[in-house]
Amino acid sequence: MKEQLEKKGIKPSLIRLKIYEYLTKHKTHPTAEEVYNSLSKEIPTLSKTSVYNTLNLFVEKGLAQMITIEENIARFDADTSVHGHFQCKVCGKIYDFLVSKDSIETSLDPSFDVEEIYVYYKGLCPYCKNKNLS
């Protein structure tokens, strides 16, 4: 963990290490509030501001990505590869799925340099779909 932060030019403080560890272990696309609530028990001196600032630093340095699949809610993902997200409209869970950027058809002029790609789907996950059929 420490080496990954240092490679991105981030000083590996205890708080930064714990937040990055949380993001890599919890593939649930947590909000800053969820990260704070989970880590504040372990780190009593942790502040919400520190969590927000650290997550924004990770995004800025390419160590995490911010997902805005829901209006006005920022979620964070340590997986920075190009991939899509599906959110269930019933349970709210977010699932990752593979996306090949070469398979995405676009009418965008090739003279544009694409730096980020986000693919979001919403619907019913298999669990909620089957629950509704019962």
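## Exercises on a predicted chain

Cys128 lies in helix H5, which covers residues 126-133. The model behind these exercises is a predicted one.

**Exercise 1.** Determine how many helices and strands the chain has, and in which order its elements run from the N terminus on.

*Solution.* Begin with the count, which comes to 5 helices and 5 strands. Next, follow the elements from the N terminus on, where the order reads α-α-α-α-β-β-β-β-β-α. For the overall dimensions, the C-alpha trace spans about 50 × 45 × 25 Å along its principal axes. As for burial, 32% of the 134 residues in the chain are buried. Finally, turn to the contacts between residues at least 6 apart in sequence, of which 46% join residues that are at least 24 apart.

**Exercise 2.** UniProt annotates a "binding site" in this chain; work out which residues carry the feature, and whether Cys88 and Cys128 are buried or exposed.

*Solution.* The first step is the record: in an unreviewed entry, UniProt places the feature "binding site" at Cys88, Cys91, Cys125 and Cys128. These residues span 41 residues in sequence, yet no two of their C-alpha atoms are more than 8.2 Å apart, so they gather at one spot.

The second step is to place Cys88, which belongs to strand S3 (residues 83-88). Because buried means under 20% relative accessible area, Cys88, with a value of 2%, is buried. Cys128, which sits in helix H5, has a relative accessibility of 1% and is likewise counted as buried.

The third step is to list contacts, leaving aside neighbours within four places in sequence. On that basis Cys88 touches Lys93, Gly123, Leu124, Cys125 and Cys128, while Cys128 is in contact with Cys88, Val90 and Cys91. Two other annotated positions thus appear in these lists, Cys125 among the contacts of Cys88 and Cys91 among those of Cys128.

**Exercise 3.** Describe how helix H4 packs against H2 and against H3, giving for each pair the crossing angle, the handedness and the residues in contact.

*Solution.* Take H2 (residues 14-25) and H4 (residues 48-60) to begin with: their axes come within 10 Å and cross at roughly 70°. Since angles of 65 to 115 degrees count as roughly perpendicular, H2 and H4 are roughly perpendicular to each other, and their crossing is right-handed. On the side of H2 the contact is made by Ile15, Arg16, Ile19, Tyr20 and Leu23, and on the side of H4 by Ser50, Val51, Thr54, Leu55, Leu57 and Phe58. Sorted by class, the residues of this contact are 8 nonpolar, 2 polar and 1 charged.

Turn now to H3 and H4, whose axes come within 9 Å and cross at roughly 125°. That angle makes H3 oblique to H4, and the crossing of this pair is right-handed. From H3 the residues Ala32, Glu33, Val35 and Tyr36 take part, and they meet Lys48, Val51, Tyr52 and Leu55 of H4. The classes here are 6 nonpolar, no polar and 2 charged residues.

**Exercise 4.** Locate Thr31, decide whether Thr31 is buried or exposed, and name its contacts beyond four places in sequence.

*Solution.* Thr31 lies in the loop between H2 and helix H3 (32-39). With a relative accessibility of 13%, Thr31 counts as buried. Once the neighbours within four places in sequence are left aside, Thr31 is in contact with Ile73, Ala74 and Arg75.

Definitions and conventions
Residues numbered from 1 in each chain as written. Predicted model: local features only at pLDDT ≥ 70, side-chain atom pairs only at ≥ 80, totals over all residues. Heavy atoms only, no water. UniProt positions renumbered as here; feature names shortened; annotations may be inferred. Helix = DSSP H or I, 4+ residues; strand = E, 2+ residues; numbered from the N terminus. Buried < 20%, exposed > 50% of the residue type's maximum accessible area, 1.4 Å probe, protein only. Contact = heavy atoms within 4.5 Å. Axes fitted to C-alpha atoms, helices over the stretch in contact; angles between N-to-C directions. Parallel < 35°, antiparallel > 145°, perpendicular 65-115°, else oblique. Left-handed = near helix turned anticlockwise from the far one by under 90°. Nonpolar A, V, L, I, M, F, W, Y, C, P; charged D, E, K, R; others polar.
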